[in-house]
Amino acid sequence: MAKVIVKDLHKSYGDNEVLKGLNLEVEDNEVVCMIGPSGSGKSTFLRCLNDLEVPTQGQIVISGYDLSDKGTNINLVRENIGMVFQHFNLFPHLSVMQNITLAPVQLNKESKETADVTAHALLKTVGLADKADAMPNSLSGGQQQRVAIARALAMKPKIMLFDEPTSALDPEMVGDVLDVMKKLAADGMTMIVVTHEMGFAKEVADRVVFMSDGLIQESGKPEDVFDHPKSPRLQDFLDKVINV
Amino acid sequence: MKKWQVAVVMVLATLGSWFAFASTAQAKTYTIATDTTFAPFEFQAKGGKYKGIDIDILNAIAKKENINYKLKAISFGAAVQQLSANQVDGVIAGMNITPERKQTFDFSDAYYTSGVVMAVAKGSSVKNFKDLKGKTVALKTGTAGATYAKSIQSKYGFKIKYFNDSNNMYNDVKVGNSAACFEDYPVMSYGIKNGIALKIVSKQYEAGDYGFAVKKGKNAELLAKFDAGLKAIKADGQYKKIVDKYLHSSESSLTGETASSRTFIGLFTQNLDTIGSGLWMTLVLTVVSIVLATILGMILGVLGVMPGKLGPAISSTIIYIFRGMPLMVLAFFIYIGFPDLIGHGFKIPAFVAGMITLMLNEGAYTGAFVKGGFQAVDDGQMEAARSLGLPYWTAMRKVIMPQGIRIMIPSFINQFIITLKDTSILSVIGIVELTQTGTLIIARNFEGFKIWLMIAIIYLIIITLLTWLSNWVQRRMN
Ligand SMILES: Nc1ncnc2c1ncn2[C@@H]1O[C@H](COP(=O)(O)OP(=O)(O)O)[C@@H](O)[C@H]1O
Ligand SMILES: [Mg+2]
């Protein structure tokens, strides 16, 4: 069974229908990149996947858990889904180390000691081994985002969701974050990445999904989507992005 | 149970047992209320003990008739209210027997007869009632003097200003804010003899009888004993001795203060015990109330930001009610109104009532800024915590609260200082805290300026210390 199954997903805020019947399946180890104009509902879609938003209609099944089923323990589902936000959302009152170990320790996944060992290993992976005791505010944006990735990974998730992880960063910081994500993809992590980094999408994605107006307009292999766009909307979107 | 849960349970249990004790107070001991400031009938002598004609008569009668009683000094108005609300068993406070009062109370035989006089400032040109036209007259609420002045108000065309306390009334006349005051003759002449710069300019009007009062239809046995005892002490000469002692001697011989102790330092050292116990009460009340208000405020704040509609609705309703109600009204409601509602002789000790009052009022203010503090934490924090799989309450405790509380620290410090100052309002329900201590000391030595200065300085010192302490805590946390 696919890792993520989304069927006929609708989401409205009052009269404003943001998602208008989305269908998507993501396989194990697959990396899906989502592109599309701002306001098209990409963030809303990602947030529906871990229940930060409750869909108005439709079905979401993740690793076998049906989110619309009242009996599903949402906290358990969330442990399996790591999420990385555009603005990092690190906990400013906790050190880098404490940010990473908070959830595993609180949820009794690991003892404090093993969590510390895991955290050090993760910090090494994201290239911040020397920042364990730093406070988030003393780090650059790129460093903070890498800590945020390490924090999500500490729960040993089976799926990672990224919502424009580099768009709040200074250009010179973007590379380091993307490198970490590439490493993750190479290690076989299942990932859904909302991004404007077309280079990254081309290189890493197994599939690129183009969203516009609350619907998936087109999807396929990166080279098909980028080099042979079918719909005029996608052509229009790519023109704009590439001309920037 | 977690540590904080244990703490909450303990506080509730303590409160509960207090109520239980209060409602099962021993049947044999009567609680008799008196005024705080009505020399020579009642006043506090050095060291905090009450003295005066009323007090000594009551004591002499009680000895003769074997009455067990506990004296409770509160303002006259509160004493009368509490008697009608069944909070006390009797009142002896230079209380005039009037037809109106007889509707609600049963009175003993008259134990003293006195009339109302008008007094003006020493240098005043006001000589009679006609001179009062267009001027302001100071009155003490609920007294015979007030009733008499009210009855002649329209005839002589003066304005009226009310006080709860004789000394404040005298002072208003002394400094010239009011042109005159009306007071019972023995009280006025005693005060003047002891240094109040007023003079009596009228004869005695509306001579009236003072009586000991119980609630109508209640405590008939106590009343009968009082009457019998009064006869006995009149017969054996004790009564005359008591009255003479207070009407024909000077203040200092009664209070134990010497003239040389009227300097600022002298007054301070003389009254150190009284001030100290008032200060202690203020501090205890402040600390206990701050702890309770903080607990309540945190609960209200957490409810206020809870998902769903119920929590926020409960929180904002409670905040709305208790923030909107003046502290004094709330204090009276809890101390007098609430037991009245429950009935069955239910009583709340003044300290507990004061504590609950402050808890509710300061707790509502605290709740409002705690809620605001939590709301000021970026929404992304809760989302990030939840996305890691942390349950709502864990996310609240580990992520939102620590950040919110940091934002709130200046508000907490501010609230602590306000709580400390607000304890002074609780003097209205008879709690003898620092402010009430000041009133009591002035009631016997009339040194208004020096004593209030002393009290003000003490408040400033504690507030300064509290601010330092808070700043230190704040630095530690950052
Ligand atoms: N909490 C919300 N309440 C109301 N409208 C919202 C909310 N969140 C998002 N929207 C609306 O949904 C639409 C899609 O937003 P979003 O999913 O953030 O788009 P994208 O991430 O593709 O830029 C926008 O029009 C936005 O205004
Ligand atoms: Mg977005």
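**Exercise 1. The small sheet in chain A**

In which sense do strand β1 and strand β4 of chain A pair, and over how many bridges? Work it out on the predicted model, then place the pair in its sheet.

*Solution.*
- Step 1: Go to β1 (residues 4-13) and β4 (residues 57-62) of chain A; the pairing is antiparallel and runs over five bridges.
- Step 2: Check the register. V6(A) has I60(A) as its bridge partner in β4(A), and K7(A) is bridged to Q59(A).
- Step 3: Move on to β5(A), which pairs with β4(A) in the antiparallel sense over two bridges. Here I62(A) finds its bridge partner in Y65(A).
- Step 4: Look at the turn. β4(A) and β5(A) make a hairpin with two residues between them, and S63(A) in that turn has a positive phi of about 45 degrees.
- Step 5: Put the strands in order. You get an open, antiparallel sheet of four strands, β2-β1-β4-β5.
- Step 6: Find the edges. β2 (16-26) and β5 (65-66) of chain A each have a single partner strand, so one side of each is left without a neighbour in the sheet.

**Exercise 2. The nonpolar cores**

Find the members of the largest nonpolar core that touch the most other members, and the helix that gives the most to this core.

*Solution.*
- Step 1: The core has 53 residues, and F45(A), L49(A) and F374(B) touch the most other members.
- Step 2: Sort the members by element: helix α17 (residues 392-422) of chain B comes out on top, giving eight residues.
- Step 3: Zoom in on F45(A). Leaving out residues up to four places away in sequence, F45(A) touches V6(A), L9(A), L19(A), L22(A), L24(A) and M34(A). You've met V6(A) already, as the bridge partner of I60(A).
- Step 4: Don't stop there: a second, separate core has 49 residues, including V96(A), L128(A), V180(A) and F226(A).
- Step 5: As background, nonpolar side chains in soluble globular proteins tend to be buried together.

**Exercise 3. A helix under cover**

Is helix α3 of chain A largely enclosed or largely open, and what covers its buried residues?

*Solution.*
- Step 1: Count buried residues along α3 (residues 96-106) of chain A. Eight of the eleven qualify, so the helix is largely enclosed by the rest of the structure.
- Step 2: Name them: V96(A), M97(A), N99(A), I100(A), T101(A), L102(A), A103(A) and P104(A).
- Step 3: Look for the cover, which includes α4 (112-125) and α5 (141-153) of chain A, along with α17 of chain B.
- Step 4: Step past the helix end, and you reach N108(A), with a positive phi near 55 degrees.

**Exercise 4. Salt bridges in chain B**

Take D35(B)–K140(B), D172(B)–K161(B) and K240(B)–D244(B), and work out for each pair where the partners sit.

*Solution.*
- Step 1: Start with D35(B) and K140(B), whose closest N and O atoms are 2.9 Å apart. D35(B) is in the loop between β1 (30-34) and β2 (43-44), and K140(B) in strand β8 (residues 136-140), so the bridge ties together parts 105 residues apart in sequence. Both residues are buried.
- Step 2: Next, D172(B) and K161(B), at 3.0 Å between the closest N and O atoms. Helix α6 (residues 166-174) holds D172(B) and strand β9 (residues 159-163) holds K161(B), so parts eleven residues apart in sequence are tied together. At 8% relative accessibility D172(B) is buried, whereas K161(B), at 31%, is partly exposed.
- Step 3: Finish with K240(B) and D244(B), which meet at 2.7 Å, N to O. Both belong to helix α9 (residues 238-247) and are four residues apart, about one turn of the helix. K240(B) is exposed at 53%, and D244(B) is partly exposed at 30%.
- Step 4: Now look across the chains: salt bridges with shared partners join K11(A), R47(A), E53(A) and E383(B) into one network. The total over all chains is 20 salt bridges.

**Exercise 5. A nonpolar patch on the surface**

Which residues make the nonpolar surface patch of about 660 Å²?

*Solution.*
- Step 1: The patch is made by F449(B), L453(B), I457(B), I461(B), L465(B) and W468(B).
- Step 2: Place one of them: L453(B) is in helix α19 (residues 448-477) of chain B.
- Step 3: Check its exposure. L453(B) has 34% relative accessibility, so it counts as partly exposed.

Technical notes: Residues are numbered from 1 along each chain as its sequence is written. Chains are lettered from A and ligands numbered from 1 in the order in which they are written. This is a predicted model: local features need pLDDT of at least 70, side-chain atom pairs count only at pLDDT 80 or more; totals for chains, interfaces and linings use all residues. Side-chain values use heavy atoms; hydrogens and water are left out. A nonpolar core is a set of buried Ala, Val, Leu, Ile, Met, Phe, Trp, Tyr and Cys residues joined through side-chain atoms within 4.5 Å. Buried means under 20% relative accessible area, exposed over 50%, partly exposed in between (1.4 Å probe, protein chains only). Contact means heavy atoms within 4.5 Å. Patches are made of residues with over 30% relative accessible area and no salt bridge: like charges are joined within 9 Å, nonpolar side chains (Val, Leu, Ile, Met, Phe, Trp, Tyr) within 5 Å. Accessible areas come from the Shrake-Rupley method with a 1.4 Å probe; for residues, only the protein chains shown count as cover. A salt bridge is a side-chain nitrogen of Lys or Arg within 4 Å of a carboxyl oxygen of Asp or Glu. Two strands pair if DSSP finds at least two bridges between them.
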